[in-house]
Protein chains: 2
Amino acid sequence: MTPFALHATAGAARRGTLQLAHGPVETPAFMPVGTAATVKGLTPGDLRALGAQIILSNTYHLWLRPGRETLVALGGLHRFMAWDRNILTDSGGFQVFSLESRRKLDDDGVTFQSHLDGSTHRFTPENVVEFQEALGVDIAMMLDICVKLPASASEIEASVRRTTLWAQRGTAAWGRGATALFGIVQGGLDERLRERSARELVALDLPGYAIGGLSVGESREEMGRFTRFTAALLPAEKPRYLMGVGTVRDLVTGIDAGVDMFDCVYPTRSGRHGRAITRTGEYNIRGASYVRDERPVDPDCSCAVCATYTRAYLAHLFRSEEILGPRLLSYHNLAALAALMADARAAIAGGTWDAFRDGVLATAPAR
Amino acid sequence: MTPFALHATAGAARRGTLQLAHGPVETPAFMPVGTAATVKGLTPGDLRALGAQIILSNTYHLWLRPGRETLVALGGLHRFMAWDRNILTDSGGFQVFSLESRRKLDDDGVTFQSHLDGSTHRFTPENVVEFQEALGVDIAMMLDICVKLPASASEIEASVRRTTLWAQRGTAAWGRGATALFGIVQGGLDERLRERSARELVALDLPGYAIGGLSVGESREEMGRFTRFTAALLPAEKPRYLMGVGTVRDLVTGIDAGVDMFDCVYPTRSGRHGRAITRTGEYNIRGASYVRDERPVDPDCSCAVCATYTRAYLAHLFRSEEILGPRLLSYHNLAALAALMADARAAIAGGTWDAFRDGVLATAPAR
């Protein structure tokens, strides 16, 4: 069983440490996303420098390229990408279901066509767990069925039924070795279905649980409410992971709802497009006002990029379409969220969470 | 006067140290190219780590963007790009003359249209020197006229005449402060004109001299011959810079001809396109044979990329069009040339230059 130690709480908010095969993860934690075995533009050294203890990669993408045989031949995902801290792989379910016209679902699994070359592949609850274990990741996610919102009650009910069925089969296939396996709670915006999904998955006594099926089309208020509702259904002694969430406001709201882990492409995607993240706002570095701005990207940030470069230089890099721009701004954006999480951890541990939360939410961007 | 100390020679090959305003440059040296105030994909920290003591940037590009006022307001080019070692700026002449239909040349200077927005600009021998001094660079290049080969005798003669005229005016405008000013010898593939150009420029007693007008369409044999011919016309006590040259073979040939400094986009451009440089060959990392190749990019290289990543991982990055690929391969390629230069310096100093040269040339790629 994956040891998860809770050090302090503040209401539902929790400060803990998750011990995984490649070291500790201090929670609450934000996981940078490295979909194709690379956090876009950054090296493992960069990720280490900005404090990441765990990153996320993706079963669907790795399955297609470079593929299982190559990854196993090269000694697993950690060695392949030269990252010696923890890795969580998403199950690929979310990506496969996004293919829509190119996938066919049955009770036993899902058959889909590669977006790369049209070749046919099949995911089952068993082979997705086995794939992640073969890669040697620290946390594997169960194959689940994520429904885009709004959706009909019967559609959501069907996704909950299959998600449980698949979780039972995935758990049976799981080797219970160094790879921890997390279940994913579905249920849309239906409290009864959320309760059922959580109850059926908790019965499997997995090392951790994710809150899935949110950040998929619902309002911000609904997302916040169902995060809190679902987190409360999960065992206190196990880590909780809210999938696909990563703005400053959503992270603080999620922590306050009792979530321990988050991931989102938001900081790196924003960084590639010239959008700088700060706790009090987001801005496009290409803006005319930054051309001679001698300040760092965020004067309140202590990251290596903010310690070294001016907004004027980053504005120049983006205006000149220089690839150093995305690299530097992705680094800053990830460092900004890492610092937010570190401050949140300190606030929970130090008994100042309510004030910290209210302070961040008072000035955080609306989205 | 810029102090240039010669420590050892081997035939025409020289081992020296050039003392500039931002520290020493051990020669022979290869200068990474950072056209738009950035060596594509790499930070100043990377450049420092791979041993660069001087980089090259470009007057034409910086003049247009971000422009003189911005660069001066931000404290000059070093501060702008956060690079505290030396910078040489090319004069921009080569870029302007490449515009062809968009420029008009007269004895007094050249008027041209920006490739960015069509706006009209004018370079004169004086304002190009003044611009580079205003940026605070360590070596400024004179505005010259570089003729593409083949060219008529009268065209080359006209370029030599104007290059001298402009060098005289540029020298008169030069403030003789921390920015050293180099002249550029032209003369195509005409020994008489090369002699005349060198003689007229040497008379100006500048801190250093470049060999221009090569690597512009002539054969490899012609380039080697005229490099040697021109280098011998230049004062032994001053640094010699061969512009736009950077393959393994050309660097070793250039050093053997008595050249001290080189620059070329070749390592970074190759790196962005997946071409890996080694002393014994160049290969495209996208090749099928590298998909499961556990070796580093170059088993004989000790750079940080070769110490960390496999060919298989780089192949994956390029096949997935991940921006980490160009970053890592550009780093390796620059490190490969930096190591070549370090070895060349050691060989000249250690009395083993001939054997080193012959060994490299025996296995270096044909181009």
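## A first pairing in chain A

A:T9 stands opposite A:R14, a residue of β2(A). This is a predicted model. The two strands involved are β1(A) and β2(A), the latter spanning residues 13–20 of chain A. They run antiparallel, and 6 bridges join them.

These strands belong to an open sheet of 3 strands in chain A. The order is β1-β2-β3, and the pairing is antiparallel. At the edges are β1 (4–10) and β3 (23–27) of chain A, each pairing on one side only. On average, neighbouring strands of the sheet are turned by 10 degrees against each other, with direction ignored.

A helix covers part of the picture here. Helix α14 of chain A, residues 324–350, lies across β1, β2 and β3 of chain A. The helix runs at about 115 degrees to β2(A).

## A hairpin in chain A

Further along the chain, strand β7 (residues 103–106) pairs with strand β8 (residues 109–113), both of chain A. These two strands run antiparallel and share 4 bridges. One bridge partnership links A:K104 with A:T111 in β8(A). How many residues does the hairpin between β7(A) and β8(A) pass through? The hairpin joins the two strands through 2 residues.

## Chain A as a whole

Chain A holds 15 helices and 16 strands. Its C-alpha atoms fill a box of roughly 60 × 45 × 40 Å along the principal axes. The radius of gyration of chain A is 20 Å. A compact globule of 367 residues would have a value near 21 Å, so chain A agrees with that expectation.

Buried residues account for 60% of the 367 residues in chain A. Long-range contacts can be counted too. Take the contacts in chain A between residues at least 6 apart in sequence: 66% of them join residues at least 24 apart.

## The β1-β2-β3 sheet of chain B

Chain B also has an open sheet of 3 strands, in the order β1-β2-β3 with antiparallel pairing. Why is one side of β1 (4–10) and of β3 (23–27) in chain B left without a neighbour in the sheet? Both stand at the edges, and each has a single partner strand, so one side stays unpaired. From one strand to the next, the twist averages 10 degrees.

Between β1(B) and β2(B) (residues 13–20) there are 6 bridges, and the two strands run antiparallel. B:A10 has B:A13 in β2(B) as its bridge partner. Helix α14 (residues 324–350) of chain B packs on this sheet and touches β1, β2 and β3 of chain B. The direction of α14 makes about 115 degrees with that of β2(B).

## B:R15, a buried arginine

B:R15 lies in strand β2 of chain B. Is B:R15 buried or exposed? The relative accessibility of B:R15 is 14%, and the cut-off for buried is under 20%, so B:R15 counts as buried.

The side chain of B:R15 reaches the backbone oxygen of B:T27 at 3.2 Å. Leaving aside residues up to four places away in sequence, the contacts of B:R15 include B:A5, B:L6, B:H7 and B:A8. B:E26, B:T27 and B:P28 are also among them. So are B:R345, B:I348 and B:A349.

## A covered strand in chain B

Strand β11 of chain B spans residues 180–185, and 6 of its 6 residues are buried. Both faces of β11(B) are covered. On one side are B:A180, B:F182 and B:I184. On the other are B:L181, B:G183 and B:V185.

β11(B) has parallel partners. Strand β10 (residues 139–141) of chain B is joined to β11(B) by 3 bridges, with B:A140 opposite B:L181. Strand β12 (residues 208–211) of chain B is joined to β11(B) by 4 bridges, with B:G183 opposite B:Y209. To get from β11(B) to β12(B), the chain crosses through helix α8 (residues 191–202) of chain B. This β-α-β crossover is right-handed.

## A covered helix in chain B

Helix α10 (residues 248–256) of chain B is mostly covered, with 8 of its 9 residues buried. The buried residues include B:V248, B:R249, B:D250, B:L251 and B:V252. B:G254, B:I255 and B:D256 are buried as well. Just after α10(B), B:G258 takes a positive phi of about 100 degrees.

Terms used: Residues are numbered from 1 along each chain as its sequence is written. Chains are lettered from A and ligands numbered from 1 in the order in which they are written. This is a predicted model: local features need pLDDT of at least 70, side-chain atom pairs count only at pLDDT 80 or more; totals for chains, interfaces and linings use all residues. Side-chain values use heavy atoms; hydrogens and water are left out. Buried means under 20% relative accessible area, exposed over 50%, partly exposed in between (1.4 Å probe, protein chains only). Two strands pair if DSSP finds at least two bridges between them. Axes are lines fitted to C-alpha atoms, for helices over the stretch in contact, and angles run from 0 to 180 degrees between N-to-C directions. Contact means heavy atoms within 4.5 Å. A polar contact is a pair of N or O atoms within 3.5 Å; within protein, one must be able to donate a hydrogen and the other to accept it, and residues adjacent in sequence count only if both atoms are side-chain atoms. A crossover is right-handed if, with the strands pointing away from the viewer, the path from the first strand over the helix to the second runs clockwise. The radius of gyration is taken over C-alpha atoms; the globule rule is 2.2 Å times the number of residues to the power 0.38.
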